Amino acid sequence: MKVQKVIKCKVVHLTRVKRELLTQEYENLQKFLQGDNSVKLYSANKQQAKRYYKKVKPDKEYPLSIRKDLIKVERKNTKIAKYWARIPVAGRRGGIWVAIKPHRDIPEDVEICESKLFRRNGEFYLHLTIQREIGFVKVETSDCVLYIPPSFTVNERTVVIAIDIGEANPIASVELWGFGMQRRNVKFLGKEIRAIRTHYNWVRKSVGRKKIKHAVKWIKQLGNKESRKVADVLHKATRSIVDRAIELKQQGFEPIIVFGDLKNVRKPHIKGKPRCRKNNRKVHTMPSFKVKHMLLYKALWAGIPVAIVNEAWTSKQCWRCGSTNTVVRKRMFKCKDCGLEYNRDLNGSVNIGNRLLGYMLRSRADVNQPETPPVYSVLVSDSACEGRSHRL
Ligand SMILES: [Zn+2]
């Protein structure tokens with residue numbers, strides 16, 4: 001299985017000639033997209049444009065898409081920049097080399113894929129897509145999706161990092177050790193989001209009330225700022241979870257990250273009738289969707305296995321006795337059968353982790369005898385991973 005990632009780079013220290021060439025190529029692309037076929041444009045860039053932009057809006061700038069085989073990135077460690085990229089432009093054989101400043105180091109063992117050149121406020125940015133083979137397979141069953149190495153088994157070194165994604169505690173994580181017998185390292189992350197949301201709701205309201213000119217535009221901008229702040233919190237939280245998994249892996253354990261997904265949540269609610277655009281955006285901007293997406297790609301990129309299990313009933317069920325005769329009030333969870341009192345979100349995480357262990361091990365009863373652990377290995381033929389590259 002291949003995983004992809006985008007590295008954002010700023011094009012820096014452009015000489016006058018190179019800036020002119022880039023600007024020309026970029027502006028000619030815009031003219032070409034608006035229907036002017038006579039402009040000078042590198043032929044492959046022209047083909048890419050035809051392939052990608054079927055619908056073109058007037059007054060919108062589109063990035064220049066650069067084909068995989070034409071872009072080249074080298075680590076040169078010159079005085080002005082560590083990295084250089086070759087960009088194909090019309091009128092220059094072999095393109096031009098420009099200095100780039102990536103937001104993080106570009107790993108050595110990656111393949112450079114199709115990338116995009118943007119222009120914002122007169123500056124050029126290159127979004128490099130990099131790809132890596134991680135040797136995982138994707139296994140889909142009726143109840144879960146696993147991204148694991150082909151020979152993955154649950155054993156005494158397995159640490160399940162179980163995550164529940166909720167409202168008050170956006171991310172509640174717990175580590176399950178020893179076939180789910182021990183629970184360690186409880187974390188509640190992303191609590192700041194609530195304060196950010198409340199703050200912006202208040203600002204929006206007061207802007208709306210004052211009937212300011214351009215209020216709509218203003219509120220829209222506020223919304224963008226809000227979602228950027230929320231995304232930042234989520235990035236840091238998911239990063240800390242993945243870093244912990246990397247740490248465990250380095251210590252010789254076998255971590256696997258698991259979170260729940262209500263199947264069908266992203267599918268249209270009426271069969272055959274897609275959700276309207278507004279609702280669709282709602283789903284895709286939901287913090288839970290973002291968290292899952294971030295966790296998946298960050299973990300896989302770092303070579304950490306990921307599992308997604310069906311989370312139905314995980315918040316209602318008691319993790320200790322499995323009863324659904326429970327009371328969930330505010331943040332507390334209480335089981336009427338065994339008397340367990342627990343943090344509500346944490347109960348969800350433990351259930352999600354146990355559910356994965358339940359799939360991987362034959363039954364929960366066996367877990368009580370960890371001396372002779374029954375090991376169920378998921379063996380998948382290579383054909384399962386063919387053509388399944390996960391786009392991130
Ligand atoms: Zn119970």
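Colleague: Which residue in β6 does Ile66 stand opposite?
Modeller: Ile66 stands opposite Ser115. This is a predicted model, and the geometry is to be read as such.

Colleague: What makes β2 and β6 count as a pair?
Modeller: β2 and β6 share 3 bridges in the antiparallel sense. Two strands pair if there are at least two bridges between them, so β2 and β6 qualify.

Colleague: What is the angle between the direction of α2 and that of β2?
Modeller: About 110°, and α2 packs on the sheet, touching both β2 and β6. Angles of 65 to 115 degrees count as roughly perpendicular, so α2 is roughly perpendicular to β2.

Colleague: What is the strand order of the open sheet of 7 strands?
Modeller: The order is β2-β6-β7-β1-β5-β4-β3, and the pairing is antiparallel.

Colleague: Why are β2 and β3 called edge strands?
Modeller: β2 and β3 (72–75) each pair on one side only. On average, neighbouring strands of this sheet are turned by 35° against each other, with direction ignored.

Colleague: Which residues of helix α2 are buried?
Modeller: In α2 (residues 43–52) they are Ala44, Asn45, Gln48 and Ala49.

Colleague: Why do you say that the buried residues of α2 line one face of the helix?
Modeller: Viewed down the axis of α2, they fall within an arc of 140°, so they line one face. They pack against α1 (16–33), β2 (64–66) and β6 (111–120). The face turned away from the buried side carries the exposed residues Lys50 and Arg51.

Colleague: How do the axes of helices α3 and α4 cross?
Modeller: The axes of α3 (residues 192–209) and α4 (residues 215–250) come within 10 Å and cross at roughly 175°. Angles over 145 degrees count as roughly antiparallel, and α3 and α4 are therefore roughly antiparallel to each other.

Colleague: Which residues in α3 meet α4?
Modeller: Among them are Ile193, Ile196, Tyr200 and Val203, and the α4 side includes Trp218, Ile219, Leu222 and Val230. The residues of this contact divide into 12 nonpolar, 2 polar and 6 charged.

Colleague: Is Arg244 buried or exposed?
Modeller: Arg244, in helix α4, has a relative accessible area of 17%. The cut-off for buried is under 20%, so Arg244 is buried. Leaving aside neighbours within four places in sequence, Arg244 is in contact with Glu175, Trp177, Asn185 and Lys187.

Colleague: Why does Asn185 count as partly exposed?
Modeller: The relative accessibility of Asn185 is 33%. Buried means under 20% and exposed means over 50%, so Asn185 falls in between. Asn185 lies in strand β12 (residues 182–189). Phi of Asn185 is near 50°, a positive value in a residue other than glycine.

Colleague: Why does Trp313 count as exposed?
Modeller: Trp313 has 55% relative accessibility. The threshold for exposed is over 50%, so Trp313 passes. Trp313 is found in the loop between β14 (306–310) and β15 (326–329). Its phi is also positive, near 75°, and Trp313 is not a glycine.

Colleague: What makes you call β14 mostly covered?
Modeller: In β14, 5 of its 5 residues are buried.

Colleague: In which sense does strand β9 pair with β14?
Modeller: β9 (residues 144–148) and β14 pair in the antiparallel sense over 4 bridges, and Leu146 has Ala307 as its bridge partner in β14. β13 (residues 254–261) runs parallel to β14, joined by 5 bridges. There, Asp261 is partnered with Asn310.

Colleague: How do you know that the side chains alternate along strand β16?
Modeller: Phe333 and Cys335 point to one face of β16 (residues 332–335) and are buried, whereas Met332 and Lys334 point to the other face and are not.

Colleague: How many bridges join β15 to β16?
Modeller: 4 bridges join these antiparallel strands. The bridge partner of Val328 in β16 is Phe333. The hairpin of β15 and β16 has 2 residues between the strands, and Lys330 takes a positive phi near 45°.

Colleague: How many bridges join β16 to strand β17?
Modeller: 3 bridges join β16 to β17 (residues 341–343), again running antiparallel, and Met332 stands opposite Asn343. In this hairpin, with 5 residues between the strands, Gly339 has a positive phi near 80°.

How values were computed
Residues numbered from 1 in each chain as written. Predicted model: local features only at pLDDT ≥ 70, side-chain atom pairs only at ≥ 80, totals over all residues. Heavy atoms only, no water. Axes fitted to C-alpha atoms, helices over the stretch in contact; angles between N-to-C directions. Parallel < 35°, antiparallel > 145°, perpendicular 65-115°, else oblique. Contact = heavy atoms within 4.5 Å. Nonpolar A, V, L, I, M, F, W, Y, C, P; charged D, E, K, R; others polar. Buried < 20%, exposed > 50% of the residue type's maximum accessible area, 1.4 Å probe, protein only. Arc of directions from axis to C-beta.
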